[in-house]
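Subject: Structure for you to look at

Hello,

Here is the structure I said I would pass on. My notes on what was found in it follow below.

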Amino acid sequence: QVQLVESGGELVQAGNSLRLSCAASGPSFRSYTIAWFRQAPGKEREFVAAIRSNGYTYYTDPVKGRVTLSRDNAKNTVYLQLNSLKPEDSAVYYCAASRTVILSTTRNHLAYHNWGQGTPVTVSS
């Protein structure tokens, strides 16, 4: 079973950038769909972005144009580049993975079987 570890979250000022990492261990990383979700206090878990094994990416509207997903299969790692951060981006960010994700459920957290522990991002004004 694949294990996921997120890292890179920290306190930053609005307008700055962060790169979050999701490092995976286990078989067949190249075939996994990797997604990022975030959850702020008092709010439900929210889809952020996902990248499929073929490199196709999905982004939620609030982050389009400010976020880039990439994957380094040699390092079994997916990177979430966050630019022009806003206070409303503050949340705990989680990565998730699944070997099989139906296209219509890519943005649904129930489609993912493996989760990391989360890394907190705090954006100050």
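Phe-37, Phe-47, Tyr-112 and Trp-115 make up one aromatic cluster. Please keep in mind that this is a predicted model. The count of aromatic pairs comes to 4. Phe-37 and Tyr-112 are one of these pairs, with an edge-to-face arrangement, 5.7 Å between centres and 70° between the planes. Phe-37 belongs to strand S4 (residues 33–39), while Tyr-112 is in the loop between strand S9 (91–98) and strand S10 (114–115), so the pair joins distant parts of the chain, 75 residues apart. Both rings are buried: Phe-37 has a relative accessible area of 1% and Tyr-112 one of 5%.

Phe-37 also pairs with Trp-115, this time in a tilted arrangement with 5.2 Å centre to centre and 45° between the planes. Because Phe-37 lies in strand S4 and Trp-115 in strand S10, this pair ties together parts that are 78 residues apart in sequence. Trp-115 has a relative accessible area of 27%, which means that it is partly exposed.

Two arginines sit over aromatic rings. Arg-45 lies over the face of Trp-115, at 4.5 Å from the ring centre. The charged end of Arg-71 is placed over the ring of Phe-29, 4.7 Å from its centre.

Next, the nonpolar cores. In soluble globular proteins, nonpolar side chains tend to be buried together. The largest core here has 29 residues, and Ile-34, Trp-36, Leu-69, Leu-80 and Tyr-93 have the most contacts inside it. At least two of its residues come from each of S3, S4, strand S5 (46–51), S7, strand S8 (77–82), S9 and strand S11 (119–124). What does Tyr-93 touch, leaving aside its neighbours within four places in sequence? Its contacts include Leu-20, Trp-36, Phe-37, Val-48, Leu-80, Leu-82 and Val-121, and also Glu-6 and Arg-38. A second, separate core has 9 residues, among them Ala-35, Ala-50, Val-101 and Tyr-112. Tyr-112 is thus a member of this second core as well as of the aromatic cluster.

As for the sheet, 4 strands form an open one in the order S1-S3-S8-S7, with antiparallel pairing. Strand S1 (3–7) and strand S7 (67–72) are at the edges and have a single partner strand each, so one side of each is left without a neighbour in the sheet. From one strand to the next, the twist averages 15°. Strands of a sheet pair through backbone hydrogen bonds, either parallel or antiparallel. S1 pairs with strand S3 (residues 18–25) in the antiparallel sense over 5 bridges, and the bridge partner of Leu-4 in S3 is Ala-24.

One loop residue is also worth a note. Thr-60 is in the loop between strand S6 (57–59) and S7. Is Thr-60 buried or exposed? Thr-60 counts as buried because its relative accessibility is 14%, and the cut-off for buried is under 20%. Leaving aside its neighbours within four places in sequence, Thr-60 is in contact with Phe-47 and Val-48. Phe-47 is a member of the aromatic cluster described at the start, and Val-48 is also among the contacts of Tyr-93.

Regards

Technical notes. Residues numbered from 1 in each chain as written. Predicted model: local features only at pLDDT ≥ 70, side-chain atom pairs only at ≥ 80, totals over all residues. Heavy atoms only, no water. Phe/Tyr/Trp six-rings, centres within 6.5 Å; stacked < 30°, edge-to-face > 60°. Buried < 20%, exposed > 50% of the residue type's maximum accessible area, 1.4 Å probe, protein only. Lys NZ or Arg CZ within 6 Å of the ring centre and 35° of its normal. Pairing = 2+ DSSP bridges. Axes fitted to C-alpha atoms, helices over the stretch in contact; angles between N-to-C directions. Core = buried A, V, L, I, M, F, W, Y, C linked by side-chain atoms within 4.5 Å. Contact = heavy atoms within 4.5 Å.
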